[in-house]
Amino acid sequence: MVKAATNPNLRVVLYEGEGSSTLDADQRFDAMQRLLESGYSVTRASGERPVSRGDDRAVAVLGRFDDPDQLDTGLEADAPVHIHDVTDRDTDTLLNTVESVNTQVAQHQTEYWKPWFPVIDFDRCTNCMQCLSFCLFDVYGVDDKQQIEVRNQDNCKTDCPACSRVCPEVAILFPKYRHGPINGDAVKTEDIEREKMKVDISSLLGGDIYAALKTRNAKFKSRFAKERDEDKALAERKKCLTKLAEQFDIPAEALEHLPTMSEIQAKAEAAAARTAEQQSSRTGDQN
Amino acid sequence: MSDRPRILYCHCAYAHVVPKATKEAVLRGLTDAGVDFDAAPDLCEMAARRDPSLEKLVEREGEDSPCKIVACYPRAVKWLLHGAGVELPDDVEVLNMRTETPETILNDLLKDAETRGLQSTGVSDATTPDP
Ligand code: SF4
Ligand code: SF4
């Protein structure tokens, strides 16, 4: 089962070029809209201007054809092309035709999924790994160049932009978020200041995670252990979570799943170890 | 070879971040004008799935003009596609249905079509997207 909201099996082409008559504008609009809302990628093609080349998906070509057997659409496709004349057919019938082609060619069963996941702006990202440390659902990973990446998009908690709040560089976007700059709107200086003030991951930890990432020495660890007052830290965490929920649009369901202090710390340490490893291998390469 | 830009329209499903009226007016304008274009049901979802057709949708293969994408914020579209392993060429223009009116978008998309005598869209500026 592929988690998908759009159809990965079939491309639909409304063909109105040579060897066909045009659809009327209302029918064209209606067909386009209904097909898109049913999850199909659709191309309107007449030869008027270039459209995307075909790929290995099957193609359903629909139109009012003079002679479907003689039709040469000029479209490139690396997969079977199913030509269907839709002269005098209404949009419902056209949609049924597409559905029946899809049933024949479907390789993947799809399951509804609202596409909600983080996107990293690498013009801003400093590869600090705060997001990876914070997210317990392994949405983030590290590629073979030790660069942060979004790896498991469909693990992300729908409508939760929490990790974008822990990014010190305002580098995490959610394109379907309501407000800027998280939706991709330009980042202004005041946004950077505001984002930095919003959620300091250290207040969830009861310690300074930036320092933890930088100086994981024994002295620090023992001080951390001694000074941490569980009750105080829990109260702090609760306060912080309430603030997150109220001000920053974090859904209650996602809040329940936010990582515990020890989980964040464990992930931060793992990330720091990876960074140290990366630095030492770079130093090794230079020598 | 054509000097007319390819057009990729995103229908942005599952969230109301792109005002429905704007999406519909842009789609209506394109279909009324009778221009060729590619339409994706939701670029975000295709990017999450690393849909191989994304590369084909934005590539510039033997074409004079870069593709124009009608979706949302250019920064979001650029990095969304980057996350799916598809690099947007620098000269690709992204038109933002979250901030621009359908009229502005259609004027941009159809300027070359109109000079070639295709049907005018008659889209009014009645739909104002979210600020
Ligand atoms: S928290 Fe922000 S800057 Fe740090 S690695 Fe994640 S995206 Fe990059
Ligand atoms: S790319 Fe933008 S317009 Fe398209 S689906 Fe994603 S959020 Fe919506």
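## Ligand 2, between the chains

In this predicted model, ligand 2 sits between chains A and B. Chain A brings Pro175(A) and Lys176(A) to its surroundings, while chain B supplies Cys10(B), Cys12(B), Val18(B), Asp42(B), Leu43(B), Cys44(B), Ala71(B), Cys72(B) and Leu80(B). Sort that shell by class and you get 9 nonpolar residues, 2 charged ones and no polar ones.

## Ligand 1 and its surroundings

Now for ligand 1. Cysteines around this ligand include Cys125(A), Cys128(A), Cys131(A) and Cys167(A). The rest of the list reads Thr126(A), Asn127(A), Met129(A), Gln130(A), Ile148(A), Pro168(A), Glu169(A) and Ile172(A). By class, the shell comes out as 8 nonpolar, 3 polar and 1 charged.

Met129(A), one of the residues around ligand 1, is worth a look for its backbone too. Its phi is near 75°, a positive value in a residue that isn't glycine. As for where to find Met129(A), look in the loop of chain A between strand S8 (119-120) and helix H3 (130-134).

## Where the two H1 helices meet

Each chain has a helix H1, and the two pack against each other: residues 25-37 in chain A and residues 20-33 in chain B, at an angle of about 135° and with axes 9 Å apart. That angle makes H1(A) oblique to H1(B), and the crossing is right-handed.

From H1(A), the contact uses Ala25(A), Asp26(A), Arg28(A), Phe29(A), Met32(A), Gln33(A) and Leu36(A). H1(B) answers with Glu24(B), Leu27(B), Arg28(B), Thr31(B) and Asp32(B). In class terms, this contact has 5 nonpolar, 5 charged and 2 polar residues.

## H1 against H2 within chain A

H1(A) has another packing partner, helix H2 (residues 91-105) of chain A. Here the angle is about 45° and the axes are 10 Å apart, which means H1(A) is oblique to H2(A). H1(A) passes H2(A) in a right-handed crossing.

On the H1(A) side, the contact is made by Asp30(A), Ala31(A), Arg34(A) and Leu35(A). Facing them from H2(A) are Thr91(A), Asp92(A), Leu94(A), Leu95(A) and Val98(A). The class tally for this contact is 5 nonpolar, 3 charged and 1 polar.

## A salt bridge from chain to chain

Over all chains, the count of salt bridges comes to 23. One to pull up on screen is the pairing of the Asp36(B) and Arg44(A) side chains, at 2.8 Å from N to O. Asp36(B) is in the loop between H1 and strand S2 (37-40) of chain B, and Arg44(A) is in strand S4 (residues 41-45) of chain A, so this salt bridge joins two chains.

## A cis peptide bond

There's also a backbone detail in chain A: the peptide bond from Gly180(A) to Pro181(A) is cis, with omega near 0°. Pro181(A) falls in the loop between strand S11 (172-173) and helix H5 (189-198) of chain A.

Notes. Residues numbered from 1 in each chain as written. Chains lettered and ligands numbered in written order. Predicted model: local features only at pLDDT ≥ 70, side-chain atom pairs only at ≥ 80, totals over all residues. Heavy atoms only, no water. Axes fitted to C-alpha atoms, helices over the stretch in contact; angles between N-to-C directions. Helix = DSSP H or I, 4+ residues; strand = E, 2+ residues; numbered from the N terminus. Parallel < 35°, antiparallel > 145°, perpendicular 65-115°, else oblique. Left-handed = near helix turned anticlockwise from the far one by under 90°. Contact = heavy atoms within 4.5 Å. Nonpolar A, V, L, I, M, F, W, Y, C, P; charged D, E, K, R; others polar. Near = heavy atom within 4 Å. Salt bridge = Lys/Arg side-chain N within 4 Å of Asp/Glu carboxyl O.
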